[in-house]
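Here are some short exercises to work through with the model open beside you. Try each task before you read its solution.

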Amino acid sequence: MSLDHEAIYKSHPTVVRIDGELGAFDKDGNSITLEQSKIDTARTTLNTEAAAIAYQGQRKAEYPSIEDQLDDIYHNGIDAWKATIKVTKDKYPKP
């Protein structure tokens, strides 16, 4: 059985342990009945939340280092720096 642990924890807050073969359990070891519709809704929410912040990591990986940005400002001025940064911002826009 393949279970979406993250979505199960989000959709069923009393779940503290998930066993791929036996199911989900609360803090007292009682079996929890999982509702697939709640799990699906939670997965959609988790995917939406992840997409909403994905641009941040993508931008961070592509921006020049702080040192290079400061050097760019010093040598080329603030407007040239803004143009450099804008390329990455346009490539990875906020949702």
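Does Arg43 count as buried, partly exposed or exposed, and at what relative accessibility? Arg43 counts as partly exposed, because its relative accessibility is 23%. The scale calls a residue buried under 20% relative accessible area, exposed over 50% and partly exposed in between, with a 1.4 Å probe and protein chains only.

Some ground rules before going on. This is a predicted model, in which local features need pLDDT of at least 70 and side-chain atom pairs count only at pLDDT 80 or more, while totals for chains, interfaces and linings use all residues. Residues are numbered from 1 along each chain as its sequence is written, and side-chain values use heavy atoms, with hydrogens and water left out.

**Exercise 1. Describe the overall layout of the chain.**

Step 1: list the elements. The chain has 4 helices and 3 strands, where helices (H or I, at least four residues) and strands (E, at least two) are DSSP runs numbered from the N terminus. Their order from the N terminus is α-β-β-β-α-α-α.

Step 2: check the spread. The radius of gyration is 22 Å, well over the 12 Å of the globule rule for 95 residues, so the chain is more spread out than a compact globule. Here the radius is taken over C-alpha atoms, and the rule is 2.2 Å times the number of residues to the power 0.38. Along the principal axes, the C-alpha trace spans about 65 × 25 × 20 Å.

Step 3: look at burial and contacts. Of the 95 residues, 22% are buried. Contacts (heavy atoms within 4.5 Å) can also be sorted by separation: among those with a separation of 6 or more, 42% join residues 24 or more positions apart.

**Exercise 2. Trace the salt bridges of Arg43.**

Step 1: apply the rule. A salt bridge needs a side-chain nitrogen of Lys or Arg within 4 Å of a carboxyl oxygen of Asp or Glu; the count comes to 7.

Step 2: find the partners. Asp4 forms a salt bridge with Arg43, with the closest N and O atoms 2.7 Å apart. Asp4 lies in the segment before α1 and Arg43 in helix α2, so this pair ties together parts 39 residues apart in sequence. Glu6 also meets Arg43 in a salt bridge, at 3.3 Å from N to O. That pair links helix α1 to helix α2 across 37 residues.

Step 3: join them up. Asp4, Glu6 and Arg43 are linked in a network of salt bridges. Asp4 is partly exposed at 27%, and Glu6 is partly exposed at 48%.

**Exercise 3. Work out the sheet and the place of Phe25 in it.**

Step 1: order the strands. The open sheet of 3 strands runs β1-β2-β3 with antiparallel pairing; two strands pair if DSSP finds at least two bridges between them. The edge strands, each pairing on one side only, are β1 (17–19) and β3 (31–32).

Step 2: inspect one pair. β1 and β2 are antiparallel over 3 bridges, and Ile18 stands opposite Ala24 in β2.

Step 3: place Phe25. Phe25 is found in strand β2 (residues 23–25) and is buried, at a relative accessible area of 10%. Not counting residues up to four places away in sequence, the residues that Phe25 touches include Val15, Arg17, Asp19 and Ile32.

**Exercise 4. Identify the largest nonpolar core.**

Step 1: recall the rule. Such a core is a set of buried Ala, Val, Leu, Ile, Met, Phe, Trp, Tyr and Cys residues joined through side-chain atoms within 4.5 Å.

Step 2: name the members. The largest core has 9 residues: Ala7, Ile8, Val15, Ile18, Ala24, Ile32, Ile39, Ala42 and Leu46. Two or more residues come from each of α1 (5–11) and α2 (36–62), and α2 gives the largest share, 3 residues.

Step 3: follow one member. Beyond residues up to four places away in sequence, Ala42 touches Ala7, Lys10 and Ser11.

**Exercise 5. Look for a charged partner of Arg59.**

Step 1: locate the residue. Arg59 lies in helix α2.

Step 2: search for opposite charge, with Lys and Arg positive, Asp and Glu negative, and His and the chain ends not counted. Arg59 is buried yet has no salt bridge, and the nearest side chain of opposite charge, Asp90, is 6.9 Å away.

Step 3: list the surroundings. Leaving aside neighbours within four places in sequence, Arg59 is in contact with Thr88, Lys89, Tyr92, Pro93 and Lys94.
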